[in-house]
Amino acid sequence: MKYDIKFAAREYEKQGEKKTYWTTHGTVWAENGKMKIKLDSIPTPFDGWFQCFEQRPVESKEDY
């Protein structure tokens with residue numbers, strides 16, 4: 001199973017609803033009870049926290 005490593009870059013409002021803009025910074029692979037992590041970048045400023053989201057096909061990705 002693959003997961004995107006994302007960082008909550010900023011918050012914004014859309015149609016009166018508060019949303020979060022997520023930036024992708026790498027991938028996590030979970031196989032056979034082990035996890036592999038590939039970081040492509042680190043945001044600045046960075047508070048030390050990423051979140052992982054199950055990958056979706058590109059054509060169906062929406063705001064996380």
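**Exercise 1. Locate T27 in this predicted model, decide whether T27 is buried or exposed, and list what T27 touches.**

Step 1. Start with the secondary structure: T27 belongs to strand β2.

Step 2. Turn to accessibility. The relative accessibility of T27 is 14%, and buried means under 20%, so T27 counts as buried.

Step 3. Now look for partners, leaving out residues up to four places away in sequence: T27 touches K2, Y3, I5, K36, I37, K38 and Q55. Keep I5 in mind for Exercise 2.

**Exercise 2. Compare H25 and I5: which strand holds each residue, and which residues does each one touch?**

Step 1. Strand β2 covers residues 17-31 and includes H25. I5 sits in strand β1, residues 2-14.

Step 2. Check burial next. H25 has a relative accessibility of 8% and is therefore counted as buried; I5 is buried too, at 3%.

Step 3. Take the contacts of H25, again without residues up to four places away in sequence. They are I5, F7, K38, L39, D40, S41, I42, P43 and F50.

Step 4. Do likewise for I5. With residues up to four places away in sequence set aside, I5 has a contact list that includes T23, H25, T27, L39, F50 and C52.

Step 5. Finish with a pair that is far apart along the chain: 45 residues separate I5 and F50 in sequence, while their C-alpha atoms are 6.3 Å apart in space.

**Exercise 3. Survey the rings: how many aromatic pairs does the structure hold, and what is the geometry of the pair F46 and F50?**

Step 1. Searching the whole structure gives three aromatic pairs. One of them is F46 with F50, whose ring centres lie 4.8 Å apart with 40° between the planes.

Step 2. Classify the angle. Planes under 30 degrees apart count as stacked and over 60 as edge-to-face, so the remaining angles are tilted; the pair F46 and F50 is accordingly tilted.

Step 3. Widen the view: F7 joins F46 and F50 in one aromatic cluster.

Step 4. Add accessibility. F46 is partly exposed at 32%, and F50 is partly exposed at 23%.

Step 5. Look also at Y21, where the charged end of R10 sits over the ring, 4.8 Å from its centre.

**Exercise 4. Find the backbone features in the loops: where do Q15, N32 and P45 lie?**

Step 1. A useful reminder: most residues other than glycine have a negative phi, and most peptide bonds are trans.

Step 2. Q15 lies in the loop between β1 and β2, and its phi is positive, near 50°. With a relative accessible area of 81%, Q15 is exposed.

Step 3. Move on to the loop between β2 and β3, which holds N32. Phi of N32 is also positive, at about 50°, and N32 is exposed with 80% relative accessible area.

Step 4. Go to the loop between β3 (34-39) and β4 (51-54), home of P45. The peptide bond between T44 and P45 is cis, with omega about -10°.

**Exercise 5. Describe the whole chain: which elements does it contain, and how are its charges balanced?**

Step 1. There are zero helices and four strands, in the order β-β-β-β from the N terminus.

Step 2. For dimensions, the C-alpha atoms fill a box of roughly 45 × 30 × 15 Å along the principal axes. Of the 64 residues, 19% are buried.

Step 3. The accessible surface is about 5,300 Å², with 50% belonging to carbon and sulfur atoms.

Step 4. Finally, the chain carries 11 positive and 11 negative side chains, with the centres of the two sets 4 Å apart.

Methods:
Residues are numbered from 1 along each chain as its sequence is written. This is a predicted model: local features need pLDDT of at least 70, side-chain atom pairs count only at pLDDT 80 or more; totals for chains, interfaces and linings use all residues. Side-chain values use heavy atoms; hydrogens and water are left out. Rings of Phe, Tyr and Trp (its six-membered ring) pair if their centres lie within 6.5 Å; planes under 30 degrees apart count as stacked, over 60 as edge-to-face and the rest as tilted. Buried means under 20% relative accessible area, exposed over 50%, partly exposed in between (1.4 Å probe, protein chains only). A charge sits over a ring if NZ of Lys or CZ of Arg is within 6 Å of the ring centre and within 35 degrees of the ring normal. Helices (H or I, at least four residues) and strands (E, at least two) are DSSP runs, numbered from the N terminus. Accessible areas come from the Shrake-Rupley method with a 1.4 Å probe; for residues, only the protein chains shown count as cover. Lys and Arg count as positive and Asp and Glu as negative; His and the chain ends are not counted. The place of a charge is taken as NZ of Lys, CZ of Arg, CG of Asp or CD of Glu. Contact means heavy atoms within 4.5 Å.
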